[in-house]
Amino acid sequence: MQWWRDAVFYQVYVPSFTDSDGDGIGDLQGIRGRLGYLELLGVDALWLSPIYASPMVDNGYDITDHRAVDPVWGDLDAVDELIADAHAHGIRVTVDLVPNHTSDQHPWFRAALASPTGSPERDRYHFRPGQGVGGAEPPNSWRSVFGGSAWTREPARDEGPGEWFLHLFSPAQPDLNWTNLEVWADLDKTLRFWLDRGVDGFRIDAAHGMCKQLDATPTSSDDDPRFDQDDVHDVHRMIRATLDHYPERVAIGAVGVRNAARFARYVRQDELHLAVDTQLAASRFDAEEVRAAIEDCLNAVGSVGAAASWLLSDHDVSRPASRYGAGPVGTARARAMALVQLALPGAAYLYNGDELGLPDADLPDEARRDAVWHHGEDSRDGCRVPQPWEADLPAYGFTTGEPWLPIPDDYALLGAAEQLEDTGSTLSLYRRALELRREHPGFAAPPLPGP
Ligand code: BGC
């Protein structure tokens, strides 16, 4: 059964969903306590943001051990309990997977810094000598997605001046070298580790990353040697081959590429099961623009027999209730777009809090935590503020402590408990839309006939 082809996935941004132990940061037991709510909402599966051991420079997307749970979220027992309980509620659990990079505190990266030039320890990452006098300039002009150069120079070493290492995101997230077979073997081990524990699949972070053409000169302005290189499809074939040993598990990519034809390559029959479309989220509230994004994606995935997968927002972009306009206009448009999203054929991705119609929070600079903010870019904290559950409780029921990001006062009007009672609320609209999907199955495009 290809359950994912029309499933509704609910993204739990773990730090901001529910805190069970009063440290102000969401956790696995907190999610477990909300399964009744999620069942009532009517979602089919969860996507958990990274729960692995991490110094939290990028809220868990900087990982020191892909097969351990960070204590801030809980432990392996808590994962097992969450999976078992979610399954009992009829909800599947998928987890984030971050294959492009590790934390700079990962034992591999520490070993790399402590090892000589050209050693196997350094080959798991991308180290290069600098250019110019004394190697003081980065090896090339690549930019990091978070702003600034994609290269950072390591400190000088006994054997001579430091080399530079590549990081397409923050300097605390060195990129792995996907021509190194140890890197492949380690990912396979990670996949099996979590599949054996019963997860239903993976959301693969930056699935168009991993392989790069470090020494290539771009041949055209939209040819980006950092991303979407042909070799990355071999990585996805490996992931798929492993998943195929486990029935009904799913690999879903966050794929940001330059056009629909490139996008479709990721969901060919031996690669990802689903790739999350980003065009819909990037479209303005404009019928022609929305229609073009939808048709583009449907044509692309249809050409390879895959189902589409729609997303309006996630923890990286402005929330729909703010993005489409301020105040009641933004809310009305966000509600309309939710209905568009949920009426489309294929799978749908909901971001926690959008079902409550949360707007972005306007945070004072001193409260911002996002790694991007420290690199001079706009911070993503506004869309990551903790979820309000009950207006009358301290921190609206998110925590008994101090929330890790301040929750704005106007979230008091958007608590889940109050919205459940109000048939005109955004939450009721979402519930009704999900109910209609269930009453009218057949949302997914039919798969291509087999060979
Ligand atoms: C995630 C971001 C993260 C980045 C680096 C993205 O795909 O969604 O939140 O900062 O990857 O891991």
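A cavity, in the sense used here, is a set of grid points where a 1.4 Å probe fits but cannot get out, and its lining residues have an atom within 4 Å of a point. The exercises below apply this to a predicted model.

**Exercise 1. Which residues line the largest cavity, and how do they divide by class?**

Step one is to set the cavity in context: a search of the whole structure finds three cavities of 30 Å³ or more, and the largest has a volume of about 100 Å³.

Step two is to list the lining, which consists of His-66, Val-98, Pro-99, Thr-102, Trp-108, Leu-176, Trp-178, Val-183, Asp-186, Leu-187 and Thr-190.

Step three is to ask where these residues come from; helix 5, residues 181–197, provides the largest share of this lining, with four residues.

Step four is to sort the lining of the largest cavity by class, which gives seven nonpolar residues, three polar and one charged.

**Exercise 2. Describe the second largest cavity and find which helix gives the most to its lining.**

Begin with the volume, which for the second largest cavity is about 70 Å³. Its lining includes Pro-320, Ala-321, Thr-331, Ala-334, Arg-335, Thr-426 and Tyr-430, and also Gly-353, Asp-354, Gly-357 and Leu-358.

Next, assign the lining to elements: at least two residues come from each of helix 10 (320–323), helix 11 (327–343) and helix 13 (426–439). Among the contributors, helix 11 gives the most, with three residues.

Finally, the classes of this second lining are five nonpolar, four polar and two charged residues.

**Exercise 3. Where does the ligand sit, and what lines that space?**

The first step is to place the ligand: the space that it takes is the largest pocket, in which about 970 Å³ of space lies.

The second step is to examine the lining of this pocket, where 39 residues take part and Val-145, Asp-314, Asp-316, Val-317 and Arg-380 lie nearest the centre. Strand 10 (250–254) and helix 8 (279–282) are the elements that give two or more residues to this lining.

The third step is the division by class, with 18 nonpolar, 10 polar and 11 charged residues in the lining of the largest pocket.

**Exercise 4. Characterise the shell around the ligand and its polar contacts with Arg-203, Asp-316 and Arg-380.**

Start with the shell: 13 residues surround the ligand, and the closest are Asp-58, His-101, Asp-205, His-315 and Asp-316. By class, the shell holds four nonpolar, three polar and six charged residues.

Then take the contacts one at a time, with a cut-off of 3.5 Å between N or O atoms. A polar side-chain atom of Asp-316 lies 2.6 Å from an oxygen atom of the ligand. For Arg-380, an N or O atom of the side chain is 3.1 Å from a ligand oxygen, while for Arg-203 the corresponding distance to an oxygen atom of the ligand is 3.4 Å.

To finish, consider the cover: on its own the ligand has 310 Å² of accessible area, and the protein covers 94% of it.

**Exercise 5. Which element supplies the largest share of the lining of the second largest pocket?**

The second largest pocket has a volume of about 310 Å³, and of its 14 lining residues Trp-3, Asp-6, Ala-7, Asp-44 and Arg-438 lie nearest the centre. The largest share of this lining, three residues, comes from helix 13. Sorted by class, the lining has seven nonpolar, two polar and five charged residues.

Conventions: Residues numbered from 1 in each chain as written. Predicted model: local features only at pLDDT ≥ 70, side-chain atom pairs only at ≥ 80, totals over all residues. Heavy atoms only, no water. Near = heavy atom within 4 Å. Polar contact = N/O pair within 3.5 Å; in protein donor to acceptor, adjacent residues only side chain to side chain. Areas by Shrake-Rupley, 256 points an atom, 1.4 Å probe, with all protein chains shown as cover. 1 Å grid on protein atoms, 1.4 Å probe; cavity = no way out; pocket = protein on both sides within 12 Å on 5 of 7 lines; lining within 4 Å. Sits in = over half its atoms within 2 Å of the grid points. Nonpolar A, V, L, I, M, F, W, Y, C, P; charged D, E, K, R; others polar. Points joined across faces, edges and corners; volume = space filled by probe spheres on them.
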